[in-house]
Amino acid sequence: GHLVKDPHRILRSDFFPGLGWMMTRKLWKEELEAKWPRAYWDDWLREPAQRRNRHVLRPEVSRTFHFGQKGGASNNQFGSILSRVKLNQENIDWSQEDLSHLEET
């Protein structure tokens with residue numbers, strides 16, 4: 001929690017975060033559904049052919065919790081790190097936030 005503090009801050013990145021995300025139905029139906037891999041889809045989404053120079057928007061303070069303790073592709077190799085992730089405790093009405101700085105120029 002010492003690296004994050006502002007639950008109102010949104011960051012733009014070209015790196016797919018992997019935990020807790022959404023995409024539009026259009027992106028799924030028109031581009032990704034037909035070629036979705038059976039395994040390691042998070043690494044696959046980071047490949048240039050899928051990323052296509054797109055960006056993701058993510059909050060500074062996480063809204064997702066990684067609950068897996070056993071199993072999974074990573075065998076919980078990041079468990080000690082993920083257990084220390086600070087989670088958001090504040091309800092944010094994003095429609096009231098100024099997000100203009102996130103628009104591409």
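Colleague: Let's start with glutamate 60: does this residue count as buried or exposed?
Modeller: Happy to, and please keep in mind that this is a predicted model. Under 20% relative accessible area is the cut-off for this class. Glutamate 60 has a relative accessibility of 10%, so the residue counts as buried.

Colleague: Thanks! Where in the chain is the place of glutamate 60?
Modeller: Two elements frame this residue: β2, spanning 56-59, and α4, spanning 79-82. Glutamate 60 therefore comes just after the end of a strand at 59. Its place is in the loop between β2 and α4.

Colleague: Which residue forms a salt bridge with glutamate 60?
Modeller: The whole structure holds five salt bridges. In the one made by glutamate 60, the closest N and O atoms are 3.0 Å apart. The partner lies in the segment before β1, so the pair ties together parts that are 51 residues apart in sequence. With a relative accessible area of 43%, this partly exposed partner is arginine 9.

Colleague: And which residue's backbone nitrogen does the side chain of glutamate 60 reach at 2.7 Å?
Modeller: Two backbone nitrogens come into play here, and one of them, that of aspartate 6, is 3.0 Å from a side-chain polar atom of glutamate 60. Setting aside residues up to four places away in sequence, glutamate 60 touches Val4, Lys5, Asp6, Arg9 and Leu11. The backbone nitrogen at 2.7 Å belongs to lysine 5.

Colleague: Nice. How far apart in space are lysine 5 and asparagine 88?
Modeller: Lysine 5 sits in the segment before β1, and its relative accessible area of 70% is over 50%, so the residue is exposed. Beyond the four nearest places in sequence, lysine 5 touches Glu60, Val61 and Lys86. Asparagine 88 is 83 residues away in sequence, yet the C-alpha to C-alpha distance is 9.1 Å.

Colleague: That makes me curious about the fold as a whole: in what order do the elements of the chain run?
Modeller: The chain has four helices and two strands. Of its contacts with a separation of 6 or more, 73% are between residues 24 or more positions apart. Read from the N terminus on, the order is β-α-α-α-β-α.

Colleague: Let's turn to the aromatic residues. How many degrees lie between the planes of phenylalanine 16 and tryptophan 21?
Modeller: There are seven aromatic pairs in the whole structure. In this one the rings are 5.2 Å apart, centre to centre, and the arrangement is edge-to-face. An angle over 60 degrees is what puts a pair in that class. Here the angle between the planes is 80 degrees.

Colleague: Which residues form one aromatic cluster with tryptophan 21?
Modeller: Tryptophan 21 is in the loop between β1 and α1 and is partly exposed, at 30%. Beyond four places in sequence, tryptophan 21 touches Phe16, Trp36, Trp41 and Leu45. Phenylalanine 16, by contrast, is buried, at 9%. The other members of the cluster are Phe16, Trp28, Trp36, Trp41 and Trp44.

Colleague: Back to charges: which residue forms a salt bridge with glutamate 31?
Modeller: Glutamate 31 counts as buried, since its relative accessibility is 18%. The closest N and O atoms of the bridge are 3.1 Å apart, and its partner is arginine 52. That pair links distant parts of the chain, helix α1 and the loop between α3 and β2, 21 residues apart. To name the partner once more, it is arginine 52.

Colleague: What is the phi of asparagine 53, about how many degrees?
Modeller: Most residues other than glycine have a negative phi. Tyrosine 40, in the loop between α1 and α2, has a positive value near 55 degrees. Asparagine 53 is in the loop between α3 and β2 and counts as exposed, at 64%. Its phi is positive as well, at about 60 degrees.

Colleague: Last one: in which element is confidence lowest?
Modeller: The mean pLDDT of the chain is 83, and 80% of the residues reach 70 or more. Confidence is highest in α1, at 96. Where pLDDT is low, the predicted coordinates should not be read in detail. The lowest mean, 65, is found in α4.

Terms used: Residues numbered from 1 in each chain as written. Heavy atoms only, no water. Buried < 20%, exposed > 50% of the residue type's maximum accessible area, 1.4 Å probe, protein only. Contact = heavy atoms within 4.5 Å. Phe/Tyr/Trp six-rings, centres within 6.5 Å; stacked < 30°, edge-to-face > 60°. Polar contact = N/O pair within 3.5 Å; in protein donor to acceptor, adjacent residues only side chain to side chain. pLDDT = per-residue confidence, 0-100. Salt bridge = Lys/Arg side-chain N within 4 Å of Asp/Glu carboxyl O.
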